[in-house]
Amino acid sequence: MTSADHHPDTLIARRVRRLETLLEEKGVLSGAQLDEIIDASLSGASPANGARVVARAWTDPAYKSRLLADGTAAVRELGFMEGGFQRLRVVENTDETHNVIVCTLCSCYPLRLLGPSPSWYKSEAYRSRVVREPRAVLAEFGLNLPDDTEITVWDSSAETRYMVLPRRPADTDSMSEAELTGLVTRNALIGTAEL
Amino acid sequence: MARMNDIGGMQGFGPIDTTEDTEPFHADWEARVVGLFNALRAQDVFNTNEFRDAIESMPPAEYLATSYYERWFKAICTLLERKGVIEPGELDD
């Protein structure tokens with residue numbers, strides 16, 4: 001036995017493999033099935049999807065109204081299904097207000113629109129603190145908001161997921177929708193960055 | 001009883017590691033665990049709410065000592081034992 005065998009990651013990897021084998025032996029599932037499911041669970045999930053929604057809202061006021069009124073239906077117009085059963089609510093940043101999302105209880109997140117969540121989103125530090133001291137937390141991300149900007153923190157749940165509609169950067173009037181899409185970052189969609 | 005996952009507003013967790021990571025998984029076993037979760041849920045071995053409950057009812061010390069996907073794995077094992085799919089101890093060395 002080498003020292004690597006004692007590493008916690010090696011131990012858990014071995015237990016996961018053993019469970020897979022056990023479930024195959026019991027006929028509960030097959031390894032091939034699992035590979036397929038792993039591929040399917042992340043395919044099509046990307047922050048580029050959220051970016052497309054934002055760029056459309058910036059360039060089409062009617063779409064923006066629909067997006068803010070019913071996020072679930074509006075993203076479906078662009079071909080994105082965000083969760084089978086959850087509601088998507090899109091919250092708009094303005095000159096006076098800034099929004100940021102969290103899931104204090106665990107890790108709820110609009111996966112299809114934002115891609116896999118970053119580790120910090122699932123961390124105890126982010127989950128516990130952003131609802132108590134959002135200004136300090138945003139500063140840790142390098143986002144220093146003016147004192148008079150009102151910050152709203154949205155706590156996701158099993159039923160409702162949130163996405164931030166960031167402010168459109170200045171001097172982008174001549175940009176196409178596709179070019180605007182390229183400006184939108186994952187953290188801006190969470191609210192831990194501006195553009 | 002308060003559950004350990006209910007940490008909104010709790011103090012003492014320190015600074016946030018804001019490192020930008022774009023990799024969804026940091027080890028192959030993490031992806032396998034997510035695959036197991038999706039496969040077992042698709043076969044109605046358990047549902048999402050039972051899975052959440054299994055994570056949220058972990059003893060506080062265990063919850064805090066385990067990584068995100070370790071909790072997923074432990075919850076899957078808990079549910080499989082509860083449902084009689086595997087026997088307690090069947091995964092042990």
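Trainee: Which residues lie nearest the centre of the largest pocket, and how many residues line the pocket?

Mentor: In this predicted model, 42 residues line the largest pocket, and Gln86(A), Arg161(A), Phe37(B), Arg41(B) and Arg52(B) lie nearest its centre. Helix H2 (31-42) and helix H6 (111-114) of chain A each give two or more residues to the lining, as do helix H1 (28-42), helix H2 (48-56) and helix H4 (68-82) of chain B. The largest share, 6 residues, comes from H2(B).

Trainee: What is the volume of the largest pocket, and how do its lining residues divide by class?

Mentor: The volume is about 1,300 Å³. The lining has 21 nonpolar, 13 polar and 8 charged residues.

Trainee: Why is the pair Glu20(B) and Arg186(A) called a salt bridge?

Mentor: The closest N and O atoms of Glu20(B) and Arg186(A) are 2.5 Å apart. The cut-off is 4 Å between a side-chain nitrogen of Lys or Arg and a carboxyl oxygen of Asp or Glu, so the pair qualifies. The count between chain A and chain B is 6 salt bridges.

Trainee: Which elements of chain A give two or more residues to the side that touches chain B?

Mentor: They are helix H1 (8-25), H2, helix H7 (124-129), helix H8 (134-140) and helix H10 (186-190) of chain A. H1(A) gives the largest share, 11 residues. By class, that side of chain A has 24 nonpolar, 8 polar and 15 charged residues.

Trainee: How many residues does each chain bring to the contact, and what area is buried?

Mentor: Chain A brings 47 residues and chain B 49. Between them the chains bury about 4,200 Å², 60% of it on carbon and sulfur atoms.

How values were computed. Residues numbered from 1 in each chain as written. Chains lettered and ligands numbered in written order. Predicted model: local features only at pLDDT ≥ 70, side-chain atom pairs only at ≥ 80, totals over all residues. Heavy atoms only, no water. 1 Å grid on protein atoms, 1.4 Å probe; cavity = no way out; pocket = protein on both sides within 12 Å on 5 of 7 lines; lining within 4 Å. Points joined across faces, edges and corners; volume = space filled by probe spheres on them. Helix = DSSP H or I, 4+ residues; strand = E, 2+ residues; numbered from the N terminus. Nonpolar A, V, L, I, M, F, W, Y, C, P; charged D, E, K, R; others polar. Contact = heavy atoms within 4.5 Å. Buried area = accessible area lost by both parts, 1.4 Å probe.
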